[in-house]
Amino acid sequence: MSDKILWRNNAVATDVWTHAETDEGSGQVILPLTVYLALTKEQRKAGANRLGVLLQPLESIDAILGDLPNLSLIALAFPSYTNGTAHSKASVLSSRHKFSGEIRAVGDVMFDQIPLMIRNGFTSFEIVNAPTIAQLTSGKKAGIAF
């Protein structure tokens, strides 16, 4: 079994994004917020469609609001299934700010949380939780409407 999967549109999907600590100039990369903010405005604009940003629970979306038109992906971290601060961030991004890019849940995503995450605006899930991976890949989704 894989260490992680990407779940999108009710199926395992190929992930074209990679997590990186620097912008090396090629491919689609998800950068930590501090690394992303260290880029110049010109670099961020030039990286539209290939730069994403990862926000940890204590990091505010306010830091990237001006860059929403240039971002294709915003990843929101779930370091543990009990930390749900990313739910409100996803909801604010999708409803208040009308962010049309991918909003990705990253980390310890539990199977039974996915329907609520979808309602809150998440569009994809980078899942590392082994029981969730097993349940999604086995096809046993009874009782959960996606």
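**Rings, sheet and core in a predicted model**

Ring pairs link F78, F122 and F125 into a cluster.

Colleague: Happy to look at this with you! How many aromatic pairs are there?

Modeller: Keep in mind that this is a predicted model. Rings pair here if their centres lie within 6.5 Å. By this rule, the number of aromatic pairs is two.

Colleague: Is the pair of F78 and F122 stacked, edge-to-face or tilted?

Modeller: Planes under 30 degrees apart count as stacked and those over 60 as edge-to-face. The ring centres of F78 and F122 are 5.7 Å apart, and their planes stand at 55°, so this pair is tilted.

Colleague: How many residues apart in sequence are the parts that this pair ties together?

Modeller: F78 belongs to strand β6, while F122 sits in the loop between α4 (114-119) and β8. F78 is buried, with a relative accessible area of 1%, and F122 is buried too, at 3%. The parts that the pair ties together are separated in sequence by 44 residues.

Colleague: And what about F122 and F125: stacked or tilted?

Modeller: Both F122 and F125 are buried. Their ring centres lie 6.3 Å apart with the planes at 35°, so this pair is also tilted.

Colleague: Let's turn to the sheet. Which strands stand at the edges?

Modeller: The open sheet has eight strands in the order β2-β1-β8-β7-β6-β5-β4-β3, with mixed pairing. Each edge strand has a single partner, so one side of it is left without a neighbour in the sheet. Those strands are β2 (11-13) and β3 (17-19).

Colleague: Which residue in β8 is the bridge partner of G107?

Modeller: Strands β7 (residues 102-107) and β8 (residues 124-127) run parallel and are joined by four bridges. In β8, G107 has as its bridge partner I127.

Colleague: Which strands does helix α5 touch?

Modeller: Helix α5 (residues 130-138) packs on the sheet. Its direction makes about 55° with that of β1 (5-8). The strands touched by α5 are β1, β2 and β8.

Colleague: Which element gives the most to the largest nonpolar core?

Modeller: In soluble globular proteins, nonpolar side chains tend to be buried together. This core holds 35 residues, of which I64, I74, F122, F125 and I127 touch the most other members. The element that gives the most, with four residues, is α3.

Colleague: One last thing: how many residues does the other core have?

Modeller: This other core lies apart from the largest one, and L54, A75, A77 and V106 are among its members. Its number of residues is seven.

Note on methods
Residues numbered from 1 in each chain as written. Predicted model: local features only at pLDDT ≥ 70, side-chain atom pairs only at ≥ 80, totals over all residues. Heavy atoms only, no water. Pairing = 2+ DSSP bridges. Helix = DSSP H or I, 4+ residues; strand = E, 2+ residues; numbered from the N terminus. Contact = heavy atoms within 4.5 Å. Axes fitted to C-alpha atoms, helices over the stretch in contact; angles between N-to-C directions. Phe/Tyr/Trp six-rings, centres within 6.5 Å; stacked < 30°, edge-to-face > 60°. Buried < 20%, exposed > 50% of the residue type's maximum accessible area, 1.4 Å probe, protein only. Core = buried A, V, L, I, M, F, W, Y, C linked by side-chain atoms within 4.5 Å.
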